[in-house]
Amino acid sequence: MSEAAADQLFLGRQPILDREQRLYAYELLFRNGSRNAADVTDGVQATATVIANAFSELGVEAALGNCRGFINIDEAFLFSDLIELLPKESVVLEILETVPPTPAVIERCKILKASGFTLALDDVIQLAPEFAELLSLVEIIKVDIQPLSRVEIMQLVMKLKPMGKILLAEKVDSREQMEQCLKLGFTLFQGYYFAKPTIIAGKKLDHSQLSLMKLMGLLLGDADTSELEEALKPEPGLTVNLLRMTNSVGAGSTETITSLRHAITVLGRRQLQRWLQLLVFSSGKQAGSTNPLLLMAATRGRLMELLAEEMQAGNNAFADHAFMVGIMSLMPALISLPIEEIIAPLGLAEEVREALTGSNPDNTLGNLLQITAACETGDLEILSKHLQKLSGISIKALNRAQTQALQWANGLNQPPA
């Protein structure tokens with residue numbers, strides 16, 4: 001496949017959580033952008049090459065942070081020598097349900113396992129006798145709960161548990177399903193139940209979140225530094241964090257900051273606004289854990305900002321709006337309020353409001369938001385539809401920006417230097 005065709009590779013990702021709803025891994029989705037699945041003359045080899053290259057060129061391994069990446073493996077890719085170029089410690093080879101458990105497949109899996117790879121079996125909904133040997137080789141069994149009833153899930157788990165494997169429930173779309181799978185003993189979970197912007201019960205912002213929202217409103221309203229300083233003074237926790245961050249190497253400051261006014265000036269309004277937006281989400285963070293929703297929101301914001309810069313280089317206002325749309329788009333899921341109620345007091349620009357509420361299908365920021373969401377779900381149809389509406393974004397640029405965004409979001413959880 002030509003270099004141009006290889007550039008059409010689409011990188012998607014879906015989070016996998018543990019029993020405490022902490023981020024455990026990502027399922028990485030590598031697709032060549034072609035809807036024609038029959039076009040596989042040398043496509044498999046080319047895709048395998050690009051996947052292997054992705055870990056060096058795109059920095060996917062670094063972008064995963066401490067998490068592993070699950071990679072879908074079909075029969076042709078299973079037998080590609082390039083699979084052995086993947087970093088064993090960073091990936092899980094997810095054998096697709098379409099791979100027949102032939103003697104050759106079993107032997108290949110034994111070789112890969114012996115060389116240090118972790119194997120998983122995808123989309124298990126029943127225990128067919130012919131899969132017994134393959135099941136014995138894998139460490140992780142992914143159970144597709146969607147087509148199964150509660151009783152069928154229970155019966156399947158009772159058969160799987162004695163094998164001593166890690167059980168992963170996939171396509172978990174509701175809190176009820178999550179709780180059922182927890183009770184049955186599943187260890188890992190995949191699905192977007194936690195990110196659905198559904199309103200559970202009029203949950204209100206707590207005091208610290210209200211303070212953050214007030215500060216954001218002041219910034220967006222271009223308030224004087226003295227007003228920002230007065231709003232921060234009653235919040236000692238925020239003040240200490242602001243001074244600590246401004247004094248850190250990451251803030252790019254070579255001078256010691258001693259006052260709030262000085263910190264605001266050195267940090268700059270743009271960076272202060274980003275910091276406050278992230279803090280709104282991190283205030284919903286579980287103690288001692290990584291909130292996957294926080295990471296997803298941060299990644300969305302950074303990805304949209306990078307794509308905005310790709311489209312309109314030098315237009316800081318457009319990039320700022322893109323970042324805000326991305327990071328605020330998941331706020332309804334975090335604080336259980338409608339997006340309209342959340343943004344009402346903030347005095348946002350009209351294009352930002354339109355993007356967040358979805359009121360204008362031609363809104364550029366709204367289309368960027370749809371692209372970032374498609375990257376999370378791996379939906380090629382939505383991705384293609386909205387990329388066509390925008391100019392200046394190639395698949396290659398999208399992949400590069402997505403990897404950079406994930407690296408940036410992972411860095412938010414690292415302690416300051």
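In which helix does glutamate 152 lie? In this predicted model, glutamate 152 is found in helix α7, which spans residues 150-160. With a relative accessibility of 37%, glutamate 152 is classed as partly exposed, since the buried class is reserved for values under 20% and the exposed class for values over 50%. The C-alpha atom of glutamate 152 is separated by 8.8 Å from that of isoleucine 125, a residue 27 positions away along the chain.

The strands β3, β4 and β5 were examined next. Strand β4, comprising residues 91-95, is mostly covered, with 5 of its 5 residues buried. The covering extends to both faces of β4: Val91, Leu93 and Ile95 are buried on one side, and Val92 and Glu94 are buried on the other. This division follows a general pattern, in which the side chains of a regular strand alternate between the two faces of the sheet. Strand β3 (residues 68-73) runs parallel to β4 and is joined to it by 5 bridges. Within this pairing, isoleucine 73 stands opposite isoleucine 95 of β4. Strand β5 (residues 118-124) also runs parallel to β4, the two being joined by 4 bridges. Leucine 119 of β5 is the bridge partner of leucine 93, and alanine 120 of β5 is that of glutamate 94. All 7 of the 7 residues of β5 are buried, so this strand is largely enclosed by the rest of the structure.

Salt bridges were then considered. A search of the whole structure returned 8 of them. One is formed by lysine 142 and glutamate 170, whose closest N and O atoms are 3.6 Å apart. This pair links distant parts of the chain, as lysine 142 belongs to strand β6 (residues 140-144) and glutamate 170 to strand β7 (residues 166-170), with their positions 28 residues apart in the numbering. Both lysine 142 and glutamate 170 are buried.

A second salt bridge brings together the side chains of arginine 300 and glutamate 376, with an N to O distance of 2.8 Å. Arginine 300 is located in helix α14 (residues 292-311) and glutamate 376 in helix α19 (residues 364-377); the pair therefore ties together parts that lie 76 residues apart in sequence. Arginine 300 and glutamate 376 are both buried.

Helix α14 takes part in a further contact of this kind, in which the side chains of arginine 400 and glutamate 310 meet in a salt bridge at 3.7 Å, N to O. Because arginine 400 lies in helix α21 (residues 395-411) and glutamate 310 in helix α14, the pair ties together parts that are 90 residues apart in sequence. Arginine 400 counts as partly exposed, at 36% relative accessibility, and glutamate 310 likewise counts as partly exposed, at 37%. Salt bridges with shared partners also join Glu27, Glu94, Lys142 and Glu170 into one network. Glu94 of this network is one of the buried residues of β4.

The search for internal cavities identified 3 with a volume of 30 Å³ or more. The largest cavity has a volume of about 70 Å³. Its lining consists of Arg13, Gln14, Pro15, Leu23, Tyr26, Pro292, Leu295, Met296, Thr299 and Glu376. The elements that supply two or more residues to this lining are β1 (10-17), β2 (23-31) and α14. Helix α14 gives the most, with 4 residues. By residue class, the lining of the largest cavity divides into 6 nonpolar, 2 polar and 2 charged residues. Glu376, one of the lining residues, is also the salt-bridge partner of arginine 300.

Helix α20, formed by residues 380-389, has Leu380, Leu383, His386 and Leu387 among its buried residues. Seen down the axis of α20, the buried residues fall within an arc of 140°, so they line one face of the helix. On the other side of α20, Glu381 and Gln388 are exposed. As a general point, an α-helix has 3.6 residues a turn, so residues three or four places apart point the same way.

Notes. Residues numbered from 1 in each chain as written. Predicted model: local features only at pLDDT ≥ 70, side-chain atom pairs only at ≥ 80, totals over all residues. Heavy atoms only, no water. Salt bridge = Lys/Arg side-chain N within 4 Å of Asp/Glu carboxyl O. Buried < 20%, exposed > 50% of the residue type's maximum accessible area, 1.4 Å probe, protein only. 1 Å grid on protein atoms, 1.4 Å probe; cavity = no way out; pocket = protein on both sides within 12 Å on 5 of 7 lines; lining within 4 Å. Points joined across faces, edges and corners; volume = space filled by probe spheres on them. Nonpolar A, V, L, I, M, F, W, Y, C, P; charged D, E, K, R; others polar. Arc of directions from axis to C-beta. Pairing = 2+ DSSP bridges.
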